[in-house]
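Biologist: Before using any label for this chain, I would like to hear the reasoning behind it. Could we go through the labels one at a time?

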Amino acid sequence: MIHKAFRSFGRNLTLAVKKNRTQRQSSETPFLPTKVQTRATMASLVMAPQLFSVSKRNKAERKSSHSTHVRIRSMQRPLEEIYSIRVERNVSKERLAELEVSKWSTWKTGKCNVPWDWHVDQLVFIEEGEVRVVPEGSERHMSFVAGDLVRYPKWFEADLWFNGYYQERYSFRAYGDD
């Protein structure tokens with residue numbers, strides 16, 4: 001049905017263009033009749049591509065550019081939502097006591113990056129530092145800092161980037177444990 005609508009729209013547009021070419025030579029009239037303009041607007045909205053910005057330029061190139069382009073960014077879903085990562089920010093002491101975080105194993109590292117894949121669900125409480133998590137195949141990253149409680153799902157693969165000292169407590173979870 002949509003295909004037929006666009007085919008008839010295209011036919012109407014072609015006829016309107018031919019008709020208006022002859023009218024434009026004789027008088028000043030709008031290029032398209034109102035009915036066709038409305039259809040053209042509706043079709044352009046339906047057929048419009050997703051708006052996003054892809055910029056390979058660095059900051060210096062953007063600053064030196066004297067163009068008046070307007071950058072439009074698409075609304076992108078958060079990576080946490082895409083990869084089913086649950087995050088609780090600034091977790092209360094009551095919540096930590098409820099989960100018995102003090103009994104979890106501790107892991108520490110310095111400045112480094114680590115490719116990692118999770119074979120089971122893992123619940124992590126970040127005690128010190130910050131980690132940037134770059135999912136495999138993605139150019140975007142998530143940042144988690146001290147005080148965050150993060151649940152990584154089973155089979156998740158990412159590169160972990162640590163910019164300095166980092167310490168976490170972790171617990172492996174079975175399916176259904178919350």
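The exchange below takes up the labels in turn.

Biologist: What kind of model is this, and what is its secondary structure?

Modeller: The model is predicted. The secondary structure consists of five helices and nine strands, in the order α-α-α-α-β-α-β-β-β-β-β-β-β-β along the sequence.

Biologist: What share of the chain counts as buried, and how much area is exposed?

Modeller: Of the 178 residues, 28% count as buried. The exposed area of the chain is about 13300 Å², with 54% of it supplied by carbon and sulfur atoms. Among contacts with a separation of 6 or more, 72% are between residues 24 or more positions apart.

Biologist: What makes strand 9 mostly covered?

Modeller: Strand 9 spans residues 166-173, and six of its eight residues are buried. The cut-off for buried is under 20% relative accessible area.

Biologist: Why is Arg169 called buried or exposed?

Modeller: Arg169 has 19% relative accessibility. Buried means under 20%, so Arg169 counts as buried. Arg169 is found in strand 9.

Biologist: What does the side chain of Arg169 meet there?

Modeller: One polar atom of the Arg169 side chain lies 3.3 Å from the backbone oxygen of Ser102. The side chains of Arg169 and Thr106 are also joined by a polar contact of 3.3 Å. Both values can be set against the limit for a polar contact, within 3.5 Å. Not counting residues up to four places away in sequence, Arg169 touches several others, including Val101, Trp104, Leu123 and Phe125.

Biologist: How do you know which strands pair with strand 9?

Modeller: Pairing requires at least two bridges. Strand 2 (residues 105-109) and strand 9 have five bridges, in the antiparallel sense. Strand 4 (residues 121-128) and strand 9 are joined by seven bridges and also run antiparallel. One bridge partner in strand 9 is Glu168, for Trp107; another is Gln167, for Glu128.

Biologist: Why is Trp107 not called buried?

Modeller: The relative accessibility of Trp107 is 29%. Buried means under 20% and exposed means over 50%, so Trp107 counts as partly exposed. Trp107 lies in strand 2. Setting aside neighbours within four places in sequence, Trp107 is in contact with Phe162, Tyr166, Gln167, Glu168 and Tyr170. Trp107 and Tyr170 are 63 residues apart along the chain, yet their C-alpha atoms are separated by 7.6 Å.

Biologist: How many aromatic pairs are there?

Modeller: The count comes to nine aromatic pairs. Phe162 and Tyr166 form one that is tilted, with 4.6 Å from centre to centre and 45 degrees between the planes. Rings pair if their centres lie within 6.5 Å, and a tilted pair is neither under 30 degrees nor over 60. Phe162 and Tyr166 are both buried.

Biologist: Why is the pair of Tyr170 and Phe172 called edge-to-face?

Modeller: The ring centres of Tyr170 and Phe172 are 5.4 Å apart and the planes are at 65 degrees. Edge-to-face applies to planes over 60 degrees apart, so the pair is edge-to-face. Phe172 has 53% relative accessibility; exposed means over 50%, so Phe172 counts as exposed.

Biologist: Which residues form one aromatic cluster?

Modeller: Tyr83, Trp118, Phe144, Tyr152 and Phe156 form one cluster.

Biologist: What makes up the largest nonpolar core?

Modeller: The largest core has 17 residues, and Val131, Val133, Phe144, Tyr152 and Phe156 have the most contacts inside it. Strand 4, strand 5, strand 6, strand 7 and strand 8 each supply at least two residues of this core. Strand 8 gives the largest share, three residues. Apart from this core lies another, of eight residues, among them Val91, Leu96, Trp104 and Leu123. Beyond four places in sequence, the contacts of Phe144 include Ile85, Ile126, Val131, Val150 and Tyr152.

Biologist: Where is Ser138, and what does its side chain reach?

Modeller: Ser138 is in the loop between strand 5 (130-135) and strand 6 (142-145). The side chain of Ser138 reaches the backbone nitrogen of Arg140 at 3.0 Å, and the limit for a polar contact is within 3.5 Å. Leaving aside neighbours within four places in sequence, Ser138 is in contact with Leu79 and Tyr83.

Terms used: Residues numbered from 1 in each chain as written. Predicted model: local features only at pLDDT ≥ 70, side-chain atom pairs only at ≥ 80, totals over all residues. Heavy atoms only, no water. Buried < 20%, exposed > 50% of the residue type's maximum accessible area, 1.4 Å probe, protein only. Helix = DSSP H or I, 4+ residues; strand = E, 2+ residues; numbered from the N terminus. Polar contact = N/O pair within 3.5 Å; in protein donor to acceptor, adjacent residues only side chain to side chain. Contact = heavy atoms within 4.5 Å. Areas by Shrake-Rupley, 256 points an atom, 1.4 Å probe, with all protein chains shown as cover. Phe/Tyr/Trp six-rings, centres within 6.5 Å; stacked < 30°, edge-to-face > 60°. Core = buried A, V, L, I, M, F, W, Y, C linked by side-chain atoms within 4.5 Å.
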